[in-house]
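Biologist: I should like a close look at a single part of this model, the disulfide and its surroundings. Please describe that part in one connected account, and place it in the context of the chain.

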Amino acid sequence: QATEAAGAIGMPLSQCLFTDQPGKPRPYVQHVLPLLSAADASPFLLRCDEYTTRFHRPCKLFFGYMAKAIAVLQSPFGVTVFADTDTFLCAATPLFALPRLMTTYDLLLHFPRSKQGWVNSGLLVVRRGAVREWGAAWLWEFLSLDDFGDQLHLLKVLPWARWRDRF
């Protein structure tokens, strides 16, 4: 969808997919990378029963939410646009502003009111250098089980969290 929309206006767009199934054919994706983490899975596995009991969700969702943190951490690109699998691109034109925006910002994130009441990280744009500052902390924050998804955990580790109470 994104590649075709970008091509229609004469702008090349390369897409990369991080997946636990890298061998599966994906005709519209130019790069497929295995979703891997050097993090020890043991502490997370030990929290599976508690996660399922507390949130009434299967533990595979716990690991699914963590996949976003792992993917942005291992991205080889200077700027990564991460879109959840349930995110649809209606127009590619705004993507072409990202190189200009990312000269000023390290992170672009949408702050609508979500069901949880804070943020939706379904579309996340990060600069590689910046994510290295807080990405690993985001992954380890999942152990707190403060929330079933990834949004609150992300907000807790972003650099602005250190000074947000001043405003």
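Modeller: I begin with a cysteine that serves as a point of reference: Cys-16 has a relative accessibility of 25% and therefore counts as partly exposed. The cysteines of the disulfide itself are Cys-48 and Cys-59, whose sulfur atoms lie 1.9 Å apart. Cys-48 counts as buried because its relative accessibility is 13%, under the 20% limit for that class. Cys-59, at 14% relative accessibility, is likewise classed as buried.

The structure is a predicted model, and confidence should be stated before the details. The mean pLDDT of the chain is 82, and 89% of the residues reach at least 70. Among the elements, helix H3 (residues 48-55) has the highest mean pLDDT, 94, whereas helix H1 (residues 2-8) has the lowest, 74.

A search of the whole structure returns one disulfide, the bond between Cys-48 and Cys-59. This pair links distant parts of the chain: Cys-48 belongs to helix H3 and Cys-59 to helix H4 (residues 59-74), with their positions 11 residues apart in the numbering. The torsion about the S-S bond of Cys-48 and Cys-59 is about -65°, so the disulfide is left-handed.

The two helices that carry these cysteines also take part in the largest nonpolar core, which has 29 residues. In soluble globular proteins, nonpolar side chains tend to be buried together. The elements that give two or more residues to this core are H3, H4, strand S5 (120-127), helix H6 (128-141) and H7. Of these, H4 gives the most, with seven residues. Within the core, the residues that touch the most other members are Phe-62, Leu-124, Trp-134 and Trp-138.

Trp-134 shows what such contacts involve. When residues up to four places away in sequence are not counted, Trp-134 touches Leu-107, Val-126, Leu-154, Val-157, Leu-158 and Pro-159.

Helix H7 spans residues 151-157 and includes Lys-156. With a relative accessible area of 31%, Lys-156 is partly exposed. The C-alpha atom of Lys-156 is separated by 8.0 Å from that of Glu-141, although their positions lie 15 residues apart along the chain numbering.

To return to the part you asked about, the disulfide joins Cys-48 to Cys-59 and is left-handed, because the torsion about its S-S bond is about -65°.

Notes. Residues are numbered from 1 along each chain as its sequence is written. This is a predicted model: local features need pLDDT of at least 70, side-chain atom pairs count only at pLDDT 80 or more; totals for chains, interfaces and linings use all residues. Side-chain values use heavy atoms; hydrogens and water are left out. pLDDT is the predictor's confidence in each residue, from 0 to 100. Helices (H or I, at least four residues) and strands (E, at least two) are DSSP runs, numbered from the N terminus. A disulfide is a pair of cysteine sulfur atoms within 2.5 Å. Buried means under 20% relative accessible area, exposed over 50%, partly exposed in between (1.4 Å probe, protein chains only). A nonpolar core is a set of buried Ala, Val, Leu, Ile, Met, Phe, Trp, Tyr and Cys residues joined through side-chain atoms within 4.5 Å. Contact means heavy atoms within 4.5 Å.
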